[in-house]
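Please look over the sequence and the structure below before reading on. The report that follows is written for a reader in the first year of study.

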Amino acid sequence: MNAILNKLSRVVADAAGPIQPVLTGTVHRYDGLILECAGFPASPGTLCHIDTEDGRGVHGEVVGFSDGRNLLFLDEPGAQIAVGAQVKRVGDGHTACVGDSLLGRVIDAEGAPLDGLPEPECEDHWPLAGIPQNPLARTPVDNKLDVGVRILNAALSIGQGQRVGIIAGSGVGKSVLIEMMTHNTDADVVVVGLIGERAREVGAFVGNIMKGDTASKTCVVAVPADRSPLLRMRAAHRATAIAEYFRSKGKQVMLIMDSLTRVAHARREIGLALGEQPTAKGYPPSVVSIIPSLIERTGPGLPGEGSITAFYTVLADGDDTTNDPVVDTARAILDGHLVLSRQQAQMGIYPAIDVTQSVSRVMNEIVDDAHERAAVRLRRLISLYMENRDMMLMGAYTPGQDVDLDEAVTLWPKIVALITQSRNDKASFDQSRAALLDLMGIKP
């Protein structure tokens, strides 16, 4: 009996663990967004609770130090905080709860449910900042990923572990395209980060994708535009951490971040509030560093692991796809980019992917020679037709002057049929490849 009691005592003691001290400080300065409090041991990323005059309290995150004091960025800007209010450390803020219970769920930047269901019971934790991997130990991108979109499978084939940007102005069809990929892909797990989007759009997007078989393999992390920039940044890191966890379990993961531009805007707000000097278009240097650090966490894993195929939507202000700092930074580090054309959208061609300006840097490594030659041929015919379309409409072109242009004009109705796809249709990789080879007259 004594042995049983002793064993029970040890179990209870182990479960209780050591008593953690309560670390507190008091508010010294507050400008409505950045708060300074008396210093207590806390690293950047630590979560704290701050008392407010209305009794609700707010949360903040330690983002740095100054003259021995902690600098906190608040989740709720403009909270009713008085000098001398208590600041209490409530968590490390460096890990995310992860597990299969997240599939089929919609959560916020802190991991709390947004779908009205009980809090997910996660069995594991993963660092929000990710786990660095040896780049030489990563597996190559040598297998295709079926995204279920005909023009992508045919002319811009995507590999497992590829990182792709979707670059477009507003209202050209980015959301519809990522909905199609979410529904049609053959990836094992889909993680969607809705960062800084309109609340109405968040609700509509979740309603469209979280149904049927898609819901059972999808996790959505959503933070609308009216939340603090700190929460938008944490949501981006949480979505990436969830994708990394499933990759470590050997899953083929599709990560969709909508949008990378909103993440950059959030980092810009934080950087400027902390006193960073603005550079091009008001972006401080920290924005240029956060984009590659976030993107490089995705991609193929180590041997025995899966991969993360990532799609990042990038908003091109005024349809400027060349001079925006976020577009340039993303384009330089991604493994390809899809440019959406407003002209094609106005012509009723959806998804409005401009094949001539888009590129998949791994396509030649994952498709056969016939497929590659057909895709090059399609790109040339589309380019010829679009460049000469206005001239032909004015009657300034006479057939017979250019053999290739004549072929482009003849095949244009069939090309439009190939690149156009309704949001409810699914085109497998094999079907897309066969349709392209048949149109281009190339034998497999």
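The text below moves from the whole chain to a barrel, a pair of helices and some single residues.

**Basis of the report**

This is a predicted model, in which local features need pLDDT of at least 70 and side-chain atom pairs count only at pLDDT 80 or more, while totals for chains, interfaces and linings use all residues. Residues are numbered from 1 along each chain as its sequence is written, and side-chain values use heavy atoms, with hydrogens and water left out.

**The whole chain**

The secondary structure of the protein chain comes to 14 helices and 19 strands. Here helices (H or I, at least four residues) and strands (E, at least two) are DSSP runs, numbered from the N terminus. Along the principal axes, the C-alpha atoms of the chain fill a box of roughly 90 × 60 × 40 Å. Of the 444 residues, 51% count as buried. Buried means under 20% relative accessible area, exposed means over 50%, and partly exposed lies in between (1.4 Å probe, protein chains only). Among the contacts with a separation of 6 or more, 73% are accounted for by residues 24 or more positions apart; a contact means heavy atoms within 4.5 Å.

**The barrel**

A closed barrel is formed by 6 strands in the order 1-2-5-4-3-6, with antiparallel pairing. On average, neighbouring strands of this sheet are turned by 45° against each other, direction ignored. Two strands pair if DSSP finds at least two bridges between them. The table lists three of the pairs.

| Strand pair | Bridges | Opposed residues |
|---|---|---|
| Strand 1 and strand 2, antiparallel | 3 bridges | V27 and C37 |
| Strand 3 and strand 4, antiparallel | 4 bridges | I50 and V58 |
| Strand 4 and strand 5, antiparallel | 6 bridges | S66 and R69 |

In a regular strand the side chains alternate between the two faces of the sheet.

The hairpin of strand 4 and strand 5 has 2 residues between the strands. D67 lies in this loop, between strand 4 (58-66) and strand 5 (69-74). Although D67 is not a glycine, its phi is positive, at about 55°. Most residues other than glycine have a negative phi, and most peptide bonds are trans. D67 counts as exposed because its relative accessible area is 78%.

Another loop, between strand 2 (34-38) and strand 3 (47-50), holds T46. Is T46 buried or exposed? With a relative accessible area of 0%, T46 is buried. A polar atom of its side chain lies 2.7 Å from the backbone oxygen of S43. Leaving out residues up to four places away in sequence, T46 touches G60, E61, V62, R89, G91, D92 and H94.

**Two crossing helices**

Two packed helices are described by the angle between their axes and the distance between the axes. The axes of helix 12 (residues 369-393) and helix 13 (residues 403-419) come within 9 Å and cross at roughly 105°. Helix 12 is therefore roughly perpendicular to helix 13. The contact includes L378, L381 and Y385 of helix 12, together with L405, W412 and I415 of helix 13. The residues of this contact divide into 15 nonpolar, 1 polar and 4 charged.

Axes are lines fitted to C-alpha atoms, for helices over the stretch in contact, and angles run from 0 to 180 degrees between N-to-C directions. Angles of 65 to 115 degrees count as roughly perpendicular, under 35 as roughly parallel, over 145 as roughly antiparallel and the rest as oblique. Ala, Val, Leu, Ile, Met, Phe, Trp, Tyr, Cys and Pro count as nonpolar, Asp, Glu, Lys and Arg as charged, and the others, Gly among them, as polar.

**Cis peptide bonds**

The peptide bond from D258 to S259 is cis, with omega near 15°. S259 lies in the loop between strand 15 (252-258) and helix 7 (260-273). The bond from Y350 to P351 is also cis, with omega near -5°. P351 belongs to the loop between helix 10 (342-346) and strand 19 (359-360).

**A residue in helix 14**

S432 is found in helix 14 (residues 429-440). S432 counts as buried because its relative accessibility is 0%. Not counting residues up to four places away in sequence, S432 touches R150, N153, A154 and A427. S432 and R331 are 101 residues apart in sequence and 26 Å apart in space, C-alpha to C-alpha.

Note on methods:
Polar contact = N/O pair within 3.5 Å; in protein donor to acceptor, adjacent residues only side chain to side chain.
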